[in-house]
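Got the model open in your viewer? Let's take a short walk through it, one selection at a time.

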Amino acid sequence: MTITVTSDSPGRLTSASLLRMLPAGLLLLMALWVRPAAAQTAALVDMVNTLSGNGTFQFDALERQAAIANDNAYTKLLPVCGPQAQSAAACVGSTRTLFNRLRELEDNANELLANRGETQYSLRLDPEGMSNALRWTAPEEYAAQGSMSSKFVNSQASVLTNRFAALRYAAQGIPLADGVTLGPGGNGFSYAYNGSALGGAAGDDSSFFSRWSVFANGGFGSGDKNPTTFEDAFFFDSTEVSAGADVRITNQIVAGVLFGHTEKRVDFDSARSIVDGGIRGNGQSGMLYAQYETDTAFVNAALGWQHLSLATRRRITYPSNNPQIPSVDVTSFSNTGSTALIATLGGGYTWHYKGFTAEPYLNLQNTRTRINAFTEHSDDGFDIQTGSQTIQSLEGSAGLRAQYAILNPFGVIVPYAYGEYRHQFRDSSRAIDSGYAGDGGGTDFVLPTDEPVKHYYVVGAGGSVVLKHGLQGFMQYSRVLDYTNYTDHTVSGGVRWEF
């Protein structure tokens with residue numbers, strides 16, 4: 001700006017000339033005062049909207065949410081760490097680090113918007129680089145915690161379903177051929193050939209101990225998840241072990257208890273998502289169950305509890321093209337736990353023809369899972385505080401199980417297969433609320449999870465063997481079908497000993 005001073009006569013400054021100078025002086029003072037204030041306003045949302053609107057770069061919904069969250073946090077920190085801060089005492093440690101990180105993103109947005117404001121601390125990233133940086137700051141990884149908790153519930157329910165099937169099979173006298181019957185013996189599940197016991201039929205059926213059985217199962221499952229807008233791609237696997245015991249109270253009623261332990265792992269897929277890190281979980285469960293059965297119909301129910309400890313590693317890394325500003329590469333850690341209450345109800349009908357058995361059935365499972373609130377910890381300002389989450393699920397299934405008993409000199413081999421249609425009645429997308437610990441807490445990010453799949457299928461096949469003295473074993477393979485964005489398959493096996 002150029003200010004020209006004039007006067008009515010050479011060398012003399014009159015009152016009129018001073019009045020003419022006043023507007024220009026005021027404009028200069030206002031410009032000097034306004035510019036620093038404008039330089040400190042949040043710009044990420046403006047950048048996302050402007051560059052998306054003019055076709056420069058298309059930011060997705062997660063990046064928009066990250067821009068909103070980072071703008072909110074930056075606005076909260078300006079009175080604490082900005083140039084107008086009353087005291088520097090509050091802007092220390094992680095708060096100062098967080099402010100510096102956010103200021104770098106804000107200055108980069110200013111630079112991309114051209115003449116928007118301060119650019120001294122810009123990372124000098126292009127629009128694609130900024131979109132990646134925004135995704136790194138978002139804690140969308142925590143949506144996977146719900147998937148891990150739900151899978152533990154389903155795996156224990158599957159163990160229980162197999163146990164109910166074994167109990168029904170053991171209790172029913174199944175004709176295999178002329179003079180050959182598969183059914184309960186005095187010392188448990190055995191088989192008789194031409195009237196002579198081959199499976200440990202000695203003993204009194206009314207004996208208290210002859211009514212007991214114990215079992216142990218193990219399984220390994222794995223799969224992967226495709227990326228979506230608000231959830232990352234990942235690989236997962238789990239190892240499950242279960243053990244329990246039950247007693248036949250009457251010829252028609254059995255009651256028992258099941259205990260389970262799991263080790264779970266999720267590894268985020270950096271090749272398909274802007275993400276790095278993983279989740280490790282270990283958990284325990286306990287369930288009480290009972291079944292009432294007749295020669296053809298049956299009904300069963302169970303009540304259970306499970307706890308899963310979750311340890312998460314979340315990396316935040318993006319470059320800087322500004323030699324004065326270092327690149328960001330930090331890792332945050334967190335620990336929390338989930339607790340689930342489970343109730344199941346099922347029933348069906350069993351139809352026999354010689355060694356063949358067909359069994360249509362219905363099941364209903366109600367689950368309430370709570371994931372506790374937690375705070376990340378690291379040596380950087382990007383640590384997140386996440387609120388508690390509640391997941392309500394009511395899932396029904398309709399299935400058919402078919403099997404065939406084959407008599408051998410050493411025992412009975414029973415190959416089987418089953419298929420289920422499952423429908424989710426209650427679960428829905430939920431919002432995970434979180435915020436930066438360094439800006440005083442509160443909610444900065446509100447990230448929705450994917451809408452749960454409402455309809456899908458589970459199929460499985462395997463075989464069991466019935467030996468002498470009430471000893472049984474089984475192996476099974478199962479797979480989930482048409483569960484959008486997921487692949488999931490499990491191999492399991494176990495032994496049973498009926499006294």
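Start by selecting Arg-124, which is partly exposed at 43% relative accessibility. Keep in mind that this is a predicted model. You'll find Arg-124 in the loop between H4 and H5. Take a look at its backbone: Arg-124 isn't a glycine, yet it has a positive phi of about 65°.

Now pick out the two helices on either side of that loop, H4 (residues 93–113) and H5 (residues 127–137). Their axes are 11 Å apart, and they pack at an angle of about 155°. Angles over 145 degrees count as roughly antiparallel, so that is how H4 and H5 run relative to each other. The crossing of H4 past H5 is left-handed.

Which residues do the meeting? Show Leu-105, Asn-108, Ala-109 and Leu-112 on the H4 side, with Pro-127, Met-130, Ala-133 and Thr-137 on the H5 side. Sorted by class, that contact has six nonpolar residues, two polar ones and no charged ones.

Next stop: Thr-336, in strand S10 (residues 328–349). Is Thr-336 buried or exposed? Its relative accessible area is 11%, so Thr-336 is buried. Turn on its neighbours, including Gln-145, Leu-308, Ile-371 and Phe-374, which Thr-336 touches. Then zoom in on Asn-372: its backbone oxygen is 2.9 Å from a polar atom of the Thr-336 side chain.

Last, select Lys-354, in the loop between strand S11 (351–353) and strand S12 (356–371). Lys-354 has a positive phi of about 50°, although it is not a glycine.

Notes. Residues numbered from 1 in each chain as written. Predicted model: local features only at pLDDT ≥ 70, side-chain atom pairs only at ≥ 80, totals over all residues. Heavy atoms only, no water. Helix = DSSP H or I, 4+ residues; strand = E, 2+ residues; numbered from the N terminus. Buried < 20%, exposed > 50% of the residue type's maximum accessible area, 1.4 Å probe, protein only. Polar contact = N/O pair within 3.5 Å; in protein donor to acceptor, adjacent residues only side chain to side chain. Contact = heavy atoms within 4.5 Å. Axes fitted to C-alpha atoms, helices over the stretch in contact; angles between N-to-C directions. Parallel < 35°, antiparallel > 145°, perpendicular 65-115°, else oblique. Left-handed = near helix turned anticlockwise from the far one by under 90°. Nonpolar A, V, L, I, M, F, W, Y, C, P; charged D, E, K, R; others polar. Lists of a residue's contacts leave out its neighbours within four places in sequence.
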